Amino acid sequence: MRRSPSYFRAKHREDAPSQSKPILVLEEVYKYFRRDVPTLRNVNLTVERGEFVFVTGPSGSGKSPLLQLVYRQHPVDGGRILFSGRDISRLTDASIPFLRRNLGIVFQDFKVVPHWTVYENIAVSLEILGTTAKLVRSRVADALERVGLAGRGNERTETLSGGEQQRVAIARAIVTEPALLLADEPTGNLDPQLAIDILTLFEEIHEAGTTVIFATHDHSLLQSSPHRLVVIDDGRLIEASQGLRAWSARMQHLGASHAS
Ligand SMILES: Nc1ncnc2c1ncn2[C@@H]1O[C@H](COP(=O)(O)OP(=O)(O)OP(=O)(O)O)[C@@H](O)[C@H]1O
Ligand SMILES: [Mg+2]
């Protein structure tokens, strides 16, 4: 496996100082997709190692852009983002893969390759890191077990149900044992019971030691689990743990006009 800079590796002994740092810090972050109106404005957020954080807010408020900045889909236009103490807004393009291999990302639309097998969809995360075939086999088997798909590796992914395909995507995201798992509306295409099942799976992954940031505007999920909650509203981020009920009422009101 190619070696990544020590500061990104989870278990390297030189990591000791960064292990004590928050896994993620956003400081006065701005993002402008249009010159006049910021999509994200003065966002401040600290996520400690081992946290589970819900990010919510109306459609169009900036949840996806926030996550996109963390995985460096786009650079910030103001402020900075520290991942394990390192400023990722200053990473060169060549260093972005080293960041990404320490992140797992799960999307609403699964983004699996339909005609590949379940195994191939998960193994690809390790193969691009140059992992040996033997290690790939054992790590993929472990990941399949963790997501409840043990023994299903040879099936073509398109023959699986939506909920199962999302489990494949989650296995692909965790098979590299990332320090931070980002999920952008991962239950948005699933019916309510499957949504709860997928949330439960993320909670199990969290309990096993992975930091999770989970963006959703599904109120039944937010209310089913007492995790830290931050709200993005018109590009501004607000800690809402203390005011979920007030936010819920407001969001339900907004939901009528922002349904998506
Ligand atoms: N790649 C982009 N290029 C240009 N504008 C963008 C881009 N990504 C996001 N935006 C702008 O940022 C706004 C907020 O993004 P987005 O709609 O993805 O937020 P969201 O909170 O994730 O919404 P949803 O709940 O619908 O997923 C968009 O309305 C759009 O104006
Ligand atoms: Mg979004």
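Which strands does helix 2 lie across? Select residues 63-70 to find out: helix 2 lies across strand 1, strand 2 and strand 4, running at about 120 degrees to strand 1.

Before you click on, some ground rules. You're looking at a predicted model, where local features need pLDDT of at least 70, side-chain atom pairs count only at pLDDT 80 or more, and totals for chains, interfaces and linings use all residues. Residues are numbered from 1 along each chain as its sequence is written, while chains are lettered from A and ligands numbered from 1 in the order in which they are written. Helices (H or I, at least four residues) and strands (E, at least two) are DSSP runs, numbered from the N terminus. Axes are lines fitted to C-alpha atoms, for helices over the stretch in contact, and angles run from 0 to 180 degrees between N-to-C directions.

**Stop 1: the sheet under helix 2**

Now show the open sheet of 4 strands, in the order 2-1-4-5, with antiparallel pairing. Two strands pair if DSSP finds at least two bridges between them. Strand 2 and strand 5 (86-87) are at the edges with a single partner strand each, so one side of each has no neighbour in the sheet.

Pick strand 1 (residues 24-31): its antiparallel pairing with strand 2 (residues 40-47) runs over 5 bridges. Strand 1 is also joined by 5 bridges to strand 4 (residues 78-83), again antiparallel. Click Val 25 and look both ways: its bridge partner is Thr 46 in strand 2 and Leu 82 in strand 4. Further along, Val 29 has Val 43 as its bridge partner in strand 2.

**Stop 2: ligand 1**

Select ligand 1 and the 13 residues around it (near here means a C-beta atom, placed from the backbone, within 6 Å). Phe 33, Thr 39, Ser 59, Lys 63 and Ser 64 come nearest. What mix of classes does the shell have? There are 2 nonpolar, 9 polar and 2 charged residues. For these classes, Ala, Val, Leu, Ile, Met, Phe, Trp, Tyr, Cys and Pro count as nonpolar, Asp, Glu, Lys and Arg as charged, and the others, Gly among them, as polar.

**Stop 3: the six-stranded sheet**

Next, bring up the open sheet of 6 strands, ordered 6-7-8-3-9-10, where the pairing is mixed. Its edge strands are strand 6 (103-107) and strand 10 (236-239), each pairing on one side only. On average, neighbouring strands here are turned by 20 degrees against each other, direction ignored.

Zoom in on strand 6 and strand 7 (residues 180-184), a parallel pair with 5 bridges. Gly 104 stands opposite Leu 181 in strand 7. Then add helix 6 (residues 162-174), which lies across strand 6 and strand 7 at about 165 degrees to strand 6. Helix 7 (residues 192-207) also packs on the sheet, touching strand 3 (52-56), strand 7 and strand 8 (211-215), and its direction makes about 155 degrees with that of strand 8.

**Stop 4: helix 4 and its partners**

Keep helix 6 on screen and add helix 4: their axes come within 7 Å and cross at roughly 25 degrees. That makes helix 4 roughly parallel to helix 6 (the label for angles under 35 degrees). The contact (C-beta atoms, placed from the backbone, within 7 Å) involves Val 118, Asn 121, Ile 122 and Ser 125 of helix 4 and Val 168, Ala 171 and Arg 172 of helix 6. By class, that's 4 nonpolar, 2 polar and 1 charged.

Finally, select helix 4 (residues 118-127) with helix 5 (residues 133-146), whose axes come within 10 Å and cross at roughly 125 degrees. Which residues meet there? Tyr 119, Ile 122, Ala 123, Leu 126 and Glu 127 of helix 4 meet Val 136, Arg 139, Val 140 and Ala 143 of helix 5. This contact has 7 nonpolar, no polar and 2 charged residues.

Definitions and conventions:
Two residues are in contact if their C-beta atoms, placed from the backbone, lie within 7 Å. Angles under 35 degrees count as roughly parallel, over 145 as roughly antiparallel, 65 to 115 as roughly perpendicular and the rest as oblique.
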